[in-house]
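Could you walk me through this structure, piece by piece? I'd like the cut-offs spelled out along the way.

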Amino acid sequence: MFETQTVVVDHKDLIHDVAYDFYGERMATCSSDHYVKIWDLDENGGWRLSASWKAHHGSVWKVTWAHPEFGQLIATCSFDRTAAIWEEVGDTTVPGTERGLRQWVKRSNLVDSRTSVTDVKFGPKHLGLLLVTCSADGIIRIYEAPDVMNLAQWILQHEIPIKVSISCLSWNPSLSRVHPPMIALGSDEPNTLSNMSVNDRSGNGSNDKVFIYEYSEASRRWTRTDCLVSVQEPVNDLAFAPNLGRSFHLLAVATKDVRIIKIEPIIDSTVAPSSGGTARFRSEVVVAFDDHASCAWRVSWNVTGTMLASSGDDCCVRLWKMQYLNQWKSVAVLRNERGEGGNGSGGGAGEMAVAPRAHTAYLKMAAMANPGHMPWH
Amino acid sequence: MMSAAKLDAIWSPIHYNRFIVWGSDITLYEVSQLKDIERKSSYVKISNISGATVLTSQSAVGVRCADACCIPGQQDPLLALGHASGRVALVNLGQNPDPLSLAGRAFDNSSAPDQQRPLAEMGLSETAQNVNWTYSSARMLIASMNSKHIKIFDLRDLSNKGVSVATTKYCYGVCGDPFNEWQLASRGDNVLCVWDTRAFERPLLSLPQHKPLSKILWCPTRRNLICSLQRDATSLRLHDIQLIHNTQIAGQNPNESEVSNGPIVLERDVCPGSHVLSGFSWHPTHQARVLAVSPSGALLDYTVSERVTVSWGATAGLVWTDGALKTLPETFYANLHDISYTMKRRAQTEYGLKHDLWQNADLANDEQLSALWHFLALSKSLVEDGCIKNSTWRHPGVRWVLRADTAGGYRSEGVPSLLPDLPNRRITIYRSAERTRAMQLCNWGWGWENVGAGLERAEADGQWGRAAAVAAFHLRLRTALDILSRAPDPQMRMVALAVAGLSEERVWRETAATAAPSLPDPYLRALFAFLSAIVATASHHHQPDYDAVLNEKEMRLEDRVAFACIFLGDERLAEYVRRLTDDHVHRGALAGVLLTGSSPEGVSLLQRWLETTGDVQTAALVAARTFTPDLIKDSRVLTWIDSYRSLVDSWRLWWARCSFDTWLAGTPANHDARQVCIACGYCGKTVAAASGLTRPARHLPRLAPPAAKMKISACPHCRKPLPRCAVCALHMGTAGGGEFPGWFTWCVACRHGGHATHLLNWFREHTECPVSSCSCRCISMDPPPSAQP
């Protein structure tokens, strides 16, 4: 029904992440081939390669753009245990001569992690230039560049041990002054109930996979203020919706299914934000879609948080749209099928390509199959 | 070792739509799309979109192993079959003769004629469990020997010296990596091993599995991916080997010198179906396509989907990966009718930014929003005309006008009125100044006597039902009948007939009560409900029961409220308005702005509206246009404004952003100060304010010289000179005056600067700062998109 446009990226291996910049006019891709590529939108709506370089010594898991206020800045994280911050510098060639690729310079290399760095995200602009990373051994690190003009200096402000492997994280983008800075973390730790090797690292034996951390201005610490008990399966991705002035937050979680969870702060003036004793949120699963056969991988919101795109094991990208009053329904299924033609279908979720029954596929993003080879310092 | 039930599949390496399944029989299949073979007689469905038809089949008794020939140009797959007797036969399964006439030949260990002597023999007096070619350019053969060795034979040296040996019990099923000639994989009981032939003593990796492995294969289309099948498993396991290739470079970095660069494996199970699997085969060229076979013979064509990553950008929309990146055309988003698309389109049309509020109504292209802007315009005009005085809010709503909160603030006058057609009926209507204003807000501003004006308008809009109902609410039954009889819809005339029969008889009342709810037009229903109510009132002491009219939810809110303003007593009216307001605020129904106006309740209502629809644009624009400064200070409103600014920024709609900020700054209390000024580097006071450089006309009208003539080269406060332009070396402030070319500009990194035009010209030809010793690349710090070549 709709012709999809294809950009040949020429990565030598699987593309792990695609990230748009703030305006949606530049795109960064990263891959298992250790390369990061930058794509610019040209006047005709096509994507043109503007830079490509070997960024890491291992698979590059994620790439993310900083707000343009801080310049043309991206952060990458990799299996090689590092996260890096890259800045674009102008054309080194004299303008007017042949137009070369633009150059990106590594401004800083964050080497604190001892294991694969699984996700990296810049904080919301109004908090300054913040960067958070999470690693396979379950440590969250929050860095800050105190001087936005000196991108070589990143101070490790907070180091939060979570104890379980963390695969993904998301900043709450809310601009509201009444919402303290908030991060959601997703764990892909296999459940202890499964017949996998007995794993008592999670300590308390609970299978909680999504954790909410909030920054308290009073204590100047990040504290865990909630665990979403509704998610008990390994989480592959999660994303806060752009808030746009809502009084509650919407969190999309890619796990066995795609879930949209509404997190509503409980307004209670008598309880100070720092006292984490009482529940701070009322969380509710607004909707859970299991259309992605067995496992959903990625979720991404549109700019208003009214539509969600998800991808999963069924080779499809599915679009979900908010109807009036927070009802969600499928509006499109975009099928990845090689050589079979029909890519877009604007209709409903009537037909399925695969999956006669629920699959049991499971992706270990960060878990190591051979701990003996784990790279240590 | 192989039972008769053992089934395995082999894709033909050169025919992309054919495969062989072998077990007790060997069968050649051809794959087609289901829709193409539907008419054919028999096929095996192998996936939801494809099926396989049998081309030929033959018995495979005694066959222990098979492989397909990959000589190009063959019309049909050529098979080599290894028999238990030690004989190897070449078989052509197709009907076409094969050009090389290889089919039918057989090779045997014993009594070999000359031309069939083996080229080389190796591993004499040993048992080979499995042989395979490597993908290296040299002719290398790898074999699992004696259940304990992996041997690599280099066929360039036939003297059996070029043999590498690894001793391991995990030696079975050895196969070479198609992307890396040095890499091999092998399996043992419960272990999958990966070897590097350059360091053949130890496996590079041993991956313990839970169950014995029955088959392993490298993926021919993706690097470093091995697929393994465990015995009696329903799933295939994919082992994605992550190597850190550049050990040398990693070693150079002192921080990483101690790193052991061991590979790590990401494992994943995929289930092609619910069957137990006995064999599988990768498609030679199609991305990650696997054919799996179950012991019962069921075939499953499955494409292992990669981890598809998706991302959604502000302008360009959705992108996802499918080997390449995929995007969708603009029309796709237009068809989704999502608020993000709608808002962007509205932002491009100056929606909400037009000078007159009502002009925005047309731009919205939405009934609800249109009504909202019209109401705001009406409310504003009523305040400006002085009809509504002393309003706390710039756009009061009905609830404020009626002062419903302060009970007893006013008392309405109840006027008994005669119903012209039923002279013995007296109906009490209520009047007060407040009610008049409320009805003006409801767009019922014509007044009791001049209802004709309103009726004409409604009739002109084709709202016959509404016109008739409004006439009846004004007790002009005769007019209502005239309107109905003028209506083009014959149904209306039938209604007129029913209305004309209005009487106090029970028959009429009961018939009307049963018939009215089935009328499609809510106004006609209300009309009957109203007439029934007034004729039902047995005595003058009883108040008629208007609930059916008041609760007619399909009627426009303003008509219901105006009706209430006429017929409800003070207390009931206040109660009704309160209830309606709460209901609308709770539901976030935009029509409720009529009741709340731009007040704290209006903020709550817009907040709910925003949460249900995501339309932050309207909320922020209404706030910017109609809210008092106090209301804007509400944290919710500030969040709307910030969110909308960020949204417009991300669309690069600077014009809309700028006008929005102008409207915000234009709210009365914000007129106080300019927001940007240039401070002197020495004393910190503003350079421009005292000098009148940028706004001479207002404050120093007598001087009023053209700004260019004012020579200000020093700070008016401390008399220290102003900085010089790095290009023209003149003190800033001397040239250009308030015009843009003369503006101060500077680089936030190196702090050098100059006149705006001079710098623009400079950076057209240079990338570095104009100050001679400074190598700051100022222009690349924040390159304006248009400045890039």
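What follows is a tour of some sheets, a hairpin, one loop residue and two helix pairs.

Some housekeeping first: this is a predicted model, so local features need pLDDT of at least 70 and side-chain atom pairs count only at pLDDT 80 or more, while totals for chains, interfaces and linings use all residues. Residues are numbered from 1 along each chain as its sequence is written, and chains are lettered from A and ligands numbered from 1 in the order in which they are written.

Let's begin with chain A. Strands S2, S3, S4 and S5 of chain A line up in that order as an open sheet of four strands, with antiparallel pairing. Strands here are DSSP runs of E with at least two residues, helices are runs of H or I with at least four, and both are numbered from the N terminus. Two strands pair if DSSP finds at least two bridges between them. The edges of this sheet belong to strand S2 (15-20) and strand S5 (47-54) of chain A, each of which pairs on one side only. From one strand to the next, the twist averages 20°. Angles like this run from 0 to 180 degrees between N-to-C directions, and axes are lines fitted to C-alpha atoms, for helices over the stretch in contact.

Zoom in on one pairing in that sheet: strand S4 (residues 35-41) of chain A runs antiparallel to S5(A), with seven bridges between them. Tyr35(A), for instance, has Lys54(A) in S5(A) as its bridge partner. As background, side chains in a regular strand alternate between the two faces of the sheet.

The UniProt record has something to say about this stretch too. It places the feature "repeat: WD" (unreviewed entry) at residues 8-42 and 289-323 of chain A. UniProt positions are given in the numbering used here, feature names are shortened, and annotations may be inferred rather than shown by experiment. Residues 8-42 of chain A are 0% helix and 54% strand, with end C-alpha atoms 15 Å apart. For residues 289-323 of chain A, the figures are 0% helix and 57% strand, and the end C-alpha atoms lie 15 Å apart.

Chain A also offers a hairpin to look at. Strand S16 (residues 210-216) and strand S17 (residues 221-227) of chain A run antiparallel and are joined by six bridges. One of the bridge pairs is Tyr215(A) with Trp222(A) in S17(A). Four residues sit between the two strands of the hairpin, and Arg220(A) in the turn has a positive phi of about 55°.

Now over to chain B, with its 27 helices and 31 strands. Of its 789 residues, 41% are buried. A residue counts as buried if 20 or more other C-beta atoms lie within 10 Å of its own, exposed if 12 or fewer, and partly exposed in between, with C-beta atoms placed from the backbone.

Where do the two chains meet in this tour? Try Thr315(B), found in the loop between strand S25 (310-313) and strand S26 (317-322) of chain B. Thr315(B) is partly exposed because it has 16 other C-beta atoms within 10 Å. Leaving aside neighbours within four places in sequence, Thr315(B) is in contact with Tyr23(A), Gly24(A), Glu25(A) and Trp651(B); contact means C-beta atoms, placed from the backbone, within 7 Å.Chain B has its own open sheet of four antiparallel strands, in the order S6-S7-S8-S9. Strand S6 (63-68) and strand S9 (106-107) of chain B have a single partner strand each, so one side of each is left without a neighbour in the sheet. Five bridges link S6(B) to strand S7 (residues 78-83) of chain B in the antiparallel sense, and Ala66(B) stands opposite Leu81(B) in S7(B).

Last, the helices. The axes of helix H5 (residues 357-364) and helix H6 (residues 367-384) of chain B come within 8 Å and cross at roughly 175°. H5(B) and H6(B) are therefore roughly antiparallel, a label for angles over 145 degrees (under 35 is roughly parallel, 65 to 115 roughly perpendicular, the rest oblique). The residues of this contact divide into eight nonpolar, three polar and one charged. Nonpolar covers Ala, Val, Leu, Ile, Met, Phe, Trp, Tyr, Cys and Pro, charged covers Asp, Glu, Lys and Arg, and the others, Gly among them, are polar.

Helix H19 (residues 600-613) and helix H20 (residues 616-626) of chain B also have axes within 8 Å, crossing at roughly 160°. Leu606(B), Trp609(B) and Leu610(B) of H19(B) make the contact with Val616(B), Ala619(B) and Val622(B) of H20(B): six nonpolar, no polar and no charged.

Methods
Two residues are in contact if their C-beta atoms, placed from the backbone, lie within 7 Å.
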